[in-house]
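Here's a quick tour of this model, with a stop inside it and a look at a few side chains. Have the viewer open as you read.

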Amino acid sequence: MSSARNPGRVVGLWYLSLVVVGPLTLLYIPNKLFVHNDAAATAANIAAHQLLFKTGMLADMIGSMLLIFVVLAFYRLFKDVDKELAVWLVITGGIMPATLMLVNFVSSAGALMAAQGPTFLAAFDKRQQDALVMFFVELHEHQITAAEILWGAWLFPMGLLTYRSRFLPRFIGVWLIVNGAAYVALSFTRVMLPEYADKLFLYFQPAFFGELAIMLWLLIKGANPLRAEVSSA
């Protein structure tokens, strides 16, 4: 079905591409290479799996570009519902998190360079170089924490736009708002009470499926604002 006939399905396809790229840098690579509170092991893992680590860096760059395409597709879908909310969605869901992802690329590049042990770091001994690797890895994790609040912030306008539109189910709009609140709460918890963040993440799992719900709905059912307007008329 063409994008002109069903722009919602186009949004769903862009959203799916982002979901495919995201878990690589958020889940697989950290679990595979990063060892909590062990700088030497983390540096050794990065040095031994440089291709995997570089793939994650590339995924950050691709993901930042995909975010822009996703939010522009959402803007096209929702601009006639509420243009101001649609612009808010573009800023909080595309421009700002994409910028953070590119900054994360730089942090990862710093960790990789330190793990490779270049000659210009010869003034540092091995323990100091490993500590430098861990510094950039931890900085990368904090940048993800900062991004979490944006992952929540963009779901508020998306939820409101979904709720107000006549071409998407209202319950998904409510679900998205709850999803956004969960991300914001998790981000604050990671900063103020980090020891409870993992437990809170598990409790919030049902809320986090809000994004999956709208993605699947758009992929399967699609959405057509023009058709909704004709039906209303």
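A cavity here is a set of grid points where a 1.4 Å probe fits but cannot get out. Keep in mind that this is a predicted model. With that in hand, how many cavities of 30 Å³ or more does a search of the whole structure find? Just one. The volume of the largest cavity comes out at about 70 Å³.

So who lines the walls? The lining of the largest cavity is made up of T25, I29, F34, F53, G56, M57, D60, S108 and H140. Two helices, α1 (7-33) and α3 (50-78), put in at least two residues each. Helix α3 has the largest share of that lining, with four residues.

**A helix with a bend**

Next up is α4, which runs over residues 83-116 and counts 34 residues. From first C-alpha to last, α4 reaches 48 Å, close to the 50 Å expected at 1.5 Å a residue. That said, α4 does have a kink of about 30°, centred on I91. Both ends are worth a click, too. At the start of α4, D82 points a side-chain oxygen to within 3.2 Å of the backbone nitrogen of E84. Just after α4, G117 adopts a positive phi of about 65°.

**Two glutamates**

Now for a pair of acidic side chains. Are E148 and E211 buried or exposed? E148 counts as buried because its relative accessible area is 5%, under the 20% cut-off. E211 has a relative accessible area of 16%, so E211 is buried as well.

| Residue | Helix | Relative accessible area | Side-chain polar contact |
|---|---|---|---|
| E148 | α5 (residues 126-153) | 5% | R190, 3.0 Å |
| E211 | α9 (residues 205-220) | 16% | Y15, 2.5 Å |

What surrounds them? Setting aside residues up to four places away in sequence, E148 touches Y183, L186, S187 and R190. R190 is also the partner in the side-chain polar contact of E148, at 3.0 Å.

With neighbours within four places in sequence left out, E211 is in contact with Y15, W154, L155, L176, N179 and Y183. Among them, Y15 meets the side chain of E211 in a polar contact of 2.5 Å, side chain to side chain. Y183 turns up in the contacts of E148 and in those of E211.

One last distance to check in the viewer: E211 and H142 lie 69 residues apart along the chain, and their C-alpha atoms are separated by 23 Å. H140, for its part, is one of the residues lining the largest cavity.

Definitions and conventions: Residues numbered from 1 in each chain as written. Predicted model: local features only at pLDDT ≥ 70, side-chain atom pairs only at ≥ 80, totals over all residues. Heavy atoms only, no water. Buried < 20%, exposed > 50% of the residue type's maximum accessible area, 1.4 Å probe, protein only. Polar contact = N/O pair within 3.5 Å; in protein donor to acceptor, adjacent residues only side chain to side chain. Contact = heavy atoms within 4.5 Å. Expected span 1.5 Å × (residues − 1). Bend = angle between axes of the 7 residues up to and from the residue. 1 Å grid on protein atoms, 1.4 Å probe; cavity = no way out; pocket = protein on both sides within 12 Å on 5 of 7 lines; lining within 4 Å. Points joined across faces, edges and corners; volume = space filled by probe spheres on them.
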